[in-house]
Amino acid sequence: MALHGFDHGSSMAIPGQYAYLSYGGPPAKPSDPAKPSYLVRLDMNKAGGSVEEVYRTRAGESLSGREPQGMAIWRSSSGPRLAFGFSSKISGSPDQFRATVFYKSDLTR
């Protein structure tokens with residue numbers, strides 16, 4: 001499975017057998033609709049074609065100028081969570097941005 005469009009903002013988290021990537025890009029103008037953003041799961045135990053799943057995430061689609069910025073494994077008392085963040089432009093002169101973090105509790109599905 002190929003990763004198309006992996007030329008914009010991207011980040012990675014590696015908690016064990018799987019590595020997780022996020023990627024996507026900002027809209028041309030903050031008022032434009034959000035461009036698609038993706039979460040990718042790689043199986044680090046497989047040589048060669050290790051891309052196992054590519055998910056389109058709709059998390060934060062309503063954020064103005066949404067762009068993927070970071071990813072981490074959040075260790076919580078209820079188990080690990082895949083946290084991923086977006087920046088969103090909140091004003092234009094000077095440019096000001098807000099950070100918003102989302103998470104998924106299920107790391108392998």
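Two strands count as paired if DSSP finds at least two bridges between them. By that criterion strand S5 (residues 67–76) pairs with strand S6 (residues 79–92): nine bridges join the two, and they run antiparallel. The model described here is predicted. Its protein chain has seven strands and zero helices, and this briefing deals mainly with the sheet built from S5, S6 and S7.

**Chain overview**

- Read from the N terminus, the elements of the protein chain follow the order β-β-β-β-β-β-β.
- The protein chain has 109 residues, and 36% of them count as buried.
- The exposed surface of the protein chain comes to about 6400 Å², with 51% of that area supplied by carbon and sulfur atoms.
- Taking the contacts in the protein chain between residues at least 6 apart in sequence, 39% join residues that are at least 24 apart.

**The S5-S6-S7 sheet**

- Three strands make up an open sheet, ordered S5-S6-S7, with antiparallel pairing.
- S5 and strand S7 (95–104) are the edge strands, and each of them pairs on one side only.
- On average, neighbouring strands in this sheet are turned by 25° against each other, with direction ignored.
- In a regular strand, side chains alternate between the two faces of the sheet.

**Pairing of S5 with S6**

- S5 and S6 form a hairpin, and two residues lie between the strands.
- Trp74 has Arg81 in S6 as its bridge partner.
- Met71 has Phe84 in S6 as its bridge partner.

**Pairing of S6 with S7**

- S6 and S7 also run antiparallel, and ten bridges join them.
- A hairpin through two residues leads from S6 to S7.
- The bridge partner of Phe84 in S7 is Phe102.
- Ser88 stands opposite Arg98 in S7.

**Following one residue across the sheet**

- Which residue of S6 is the bridge partner of Met71? It is Phe84.
- Which residue of S7 is in turn the bridge partner of Phe84? It is Phe102.
- Phe84 is therefore bridged to Met71 on one side and to Phe102 in S7 on the other, as S6 lies between S5 and S7 in the sheet order and strands pair through bridges.

Notes. Residues are numbered from 1 along each chain as its sequence is written. This is a predicted model: local features need pLDDT of at least 70, side-chain atom pairs count only at pLDDT 80 or more; totals for chains, interfaces and linings use all residues. Side-chain values use heavy atoms; hydrogens and water are left out. Helices (H or I, at least four residues) and strands (E, at least two) are DSSP runs, numbered from the N terminus. Buried means under 20% relative accessible area, exposed over 50%, partly exposed in between (1.4 Å probe, protein chains only). Contact means heavy atoms within 4.5 Å. Accessible areas come from the Shrake-Rupley method with a 1.4 Å probe; for residues, only the protein chains shown count as cover. Axes are lines fitted to C-alpha atoms, for helices over the stretch in contact, and angles run from 0 to 180 degrees between N-to-C directions.
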